[in-house]
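Here's a protein model to explore at your own pace. Take a look at it, and then we'll walk through it together, one feature after another.

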Amino acid sequence: DLTPTHISWQPSVNASNHHTDRYANTELTVRRGQAFTITLYFNRPKQNGESLAFVTEIGPSPSESHRTRAVFNLSEAGPSGWSAAQGPSDSGSMNFVISSPPNAVIGRYSLTLRVTSGNKITSRFLGQFVLLFNPWCTGDDVFMSNENERQEYVLNENGIIFVGNARYIEARGWYYGQFQDLLNICLTMLDLSLYYRQDPAMDVSRRGDPKYVGRVISSMINGNDNDNGVLLGKWQGSFHSHENPSRWDGSVVILQKWRQDNYRPVQYGQCWVFAGVMCTVLRCLGIPTRLISNFNSAHDVDRNLSIDKYYDSSGRSLNIGKDSTWDYHVWNESWFIRPDLGRSYSGWQVLDATPQEQSKGIFQCGPASVLAIKEGEVDLDYDTLFVYTEVNADCNRWIVYNDGTKKRVYCDTEIIGRSISTKAVGSNSRVDVTANYKYPEGSSEERRVYKKALAKIFGTSITEGRTESPSGRSSETVRNPGIAGKFKLAEPPVFGKDINLILVLSNLSSDRKSVKVDMSASTVLYTRRTVAEILKATTSVDLGSKQGKHIRVKIPYTHYGKYLTTDKRIQVTALCEVMHMRGLKLLVEKTIILEDTNIIIKLPRRIVVNRAVTLEISYANPLPEPVSRCVLLVTLMNQQVKINLARLAPRERSKIFFEFTPRRTGPLQLQVDFSCDKFSHVKGFVTISVAPA
């Protein structure tokens, strides 16, 4: 019998042609819709009358009806879309060019050779290969035409996550590492999902569809469904012996720990961690993906396009009500077409792995078309209404009196969904993509879309303006108290120093006013949940005609220091009541992010591959008291070095010299994390450009 004795998968040529040469796994990894070459060595030359065919199979129950099995003869185009042709060969070997269809199921395939000689058919198993999505293939649903964007959204292992708040946006480094030893983990993730457990054959057959794969992955990054998901989320309380979410600098260590712990969820993550890990998995599978940060991000539990926040009669924030607004929320966008909705809704699609709400019984979110969100098409698949409210909800403020009655004192129609941000292509700059999600606030287009969304939720009769809450909880209009107020910082708020604020109150009318001011300050999380109250004060001020006055507020470090979390946030509120005017009130609010003393990383002017380089890393204690148990974590790609440091005196800055040898050219991200007994996870990062020798 004609028998193959050896196979060459032509790994270097195929990997280079398919942009898969950086994957750490050794088996052939190629992209669909594009030909790859193999060489077969036989025990003897092929004779006339002998014909060859190939069989590809994937999943537990391969079938041609499910498109998980294909049989294709040499030089014949079959119905499956798979094909094989013979290339230039010699007497001892034969070269074959194998092509997959651009909509093929992705994953690990087995390849078998079938030899027919007369009435005799023999089959020989040749091995396995991995097939991925192909953004370079025009027929693939994930096709992306711009090469710079493909380099960024598929091939770049280094990322930037924007955090902070809308007035103080910070950049945090993140190492995606999608080409490290993660491909098997990502494929296993698909096989652990609830979708696979319910119907393995059907699940595998749908893996050619990026919107299906994206939705499954969004359910698997969180561990909330007893599905062996990757991460458990935690937003308050102690992290005990587990990892504070702020400790993570990249996805690789999380995914490898998940595998090492036999696919038990890693503890703990928060939104940017869920998004960073999902970006790694989707890029690894070949789907162009990026991170999006939405500042003042709403979570509208009762789906009425209104976020309701409650305060007591002295202005303290109350942790009641299910709605919430986070300083920022991070999700993913992936790029693919939407034939289920119509071509106009193709392009960027929102996917969110942070477990906020169930969708069809599972903690998953998306894909929601960004264009559908902008146009208020909140009834379109998947979870478009949920994402629409994250960027568009109205924000109502309520006072809860001692007898339980509630009065709405403020409605802001513009504060939700600010400075929606992503990393620029080819640089670490921030790009504002708010216009992708909504029309300008207050514009006629924005009003039209909002009314359209309301009508889709509540019925066509709902057309009220945005100053009225559609929840129906209050029939009264928010009355203007005739005064304006805002908090201003007297100086930048630095961690370890006293915070000096000014409450600026202005009388908008010619009538004199006496104003009672109840002030409160609390440390808060980035989700704006209160941790501890640190200041409470009451004062009064008289405002003459059109007069403005300044009220100085001081929050000493001794008051806030021990109550701060790694979020380093303080929320200040002032409830200003105009006396003798039937209780008209103004609520003034400000969230302060305390600035860390910077980690400073100094680089040599030129860094060359395979040559040792020394960096200078300086770090500081910003506090008016000494700190001990100082630790510096330096991470380069997936390698981390822990350096124990001497204690630091009050306000002391120190430095170390760190030597390493880069082993590849191109951009490398170096991350630094400083912790001590009084605070933890002060971050710094730098992108290093490594030149060829």
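In this predicted model, the largest nonpolar core has 66 residues. Within that core, Ile221 and Trp258 are the residues with the most contacts. Which element gives the largest share of this core? That's helix H8, which puts in 12 residues. The core also takes residues from both domain 1 (4-132) and domain 2 (147-454), so it lies between the two.

Let's stay with H8 for a moment, as there's a bit more to say about that helix. How much of H8 is buried? The count is 15 of its 15 residues, so the rest of the structure largely encloses this helix. To be called buried here, a residue needs a relative accessible area under 20%. You can also check the length of H8, which runs over residues 271-285. With 1.5 Å for each residue, its 15 residues should span 21 Å, and the C-alpha atoms at its ends are indeed 21 Å apart, so the two values agree. Right after H8 comes Gly286, with a positive phi near 100 degrees.

Now zoom out to the domains. The domain assignment of the protein gives domain 1 (4-132), domain 2 (147-454), domain 3 (483-593) and domain 4 (600-690). Taken over C-alpha atoms, the centres of domain 1 and domain 4 are separated by 48 Å.

Next up is empty space. Rolling a probe the size of a water molecule over the atoms shows where such space is left. The largest pocket found in this model has a volume of about 1,000 Å³. It's lined by 38 residues, and the closest to its centre are Arg167, Ile415, Glu589, Lys590 and Thr591. Where does the lining come from? Domain 2 (147-454) and domain 3 (483-593) each supply at least three of its residues. Looking at the strands, you'll find that E20 (394-400), E21 (406-412), E22 (418-423), E24 (483-489) and E30 (584-593) each bring at least two residues to the lining of this pocket. Strand E30 gives the largest share of the lining, with 9 residues. As for chemistry, the lining of the largest pocket divides into 18 nonpolar, 7 polar and 13 charged residues.

Finally, let's turn to some backbone details. Most residues other than glycine have a negative phi, and most peptide bonds are trans. Here are some spots that go the other way. The peptide bond from Gln267 to Tyr268 is cis, with omega near 5 degrees, and Tyr268 sits in strand E13 (residues 266-269). Another cis bond, also with omega near 5 degrees, joins Gly366 to Pro367. You'll find Pro367 in the loop between strand E18 (347-351) and strand E19 (368-369).

What about phi? Gln10 isn't a glycine, yet its phi is positive, near 50 degrees. Look for Gln10 in the loop between strand E1 (4-8) and helix H1 (11-17). Asn296 isn't a glycine either, and its phi is positive at about 55 degrees; this residue is part of strand E14 (residues 289-299). Are these two residues buried or partly exposed? Gln10 has a relative accessible area of 25%, so it's partly exposed. Asn296, at 8% relative accessibility, counts as buried.

Notes:
Residues numbered from 1 in each chain as written. Predicted model: local features only at pLDDT ≥ 70, side-chain atom pairs only at ≥ 80, totals over all residues. Heavy atoms only, no water. Helix = DSSP H or I, 4+ residues; strand = E, 2+ residues; numbered from the N terminus. Expected span 1.5 Å × (residues − 1). Buried < 20%, exposed > 50% of the residue type's maximum accessible area, 1.4 Å probe, protein only. 1 Å grid on protein atoms, 1.4 Å probe; cavity = no way out; pocket = protein on both sides within 12 Å on 5 of 7 lines; lining within 4 Å. Points joined across faces, edges and corners; volume = space filled by probe spheres on them. Nonpolar A, V, L, I, M, F, W, Y, C, P; charged D, E, K, R; others polar. Domains from an automatic or database assignment. Core = buried A, V, L, I, M, F, W, Y, C linked by side-chain atoms within 4.5 Å.
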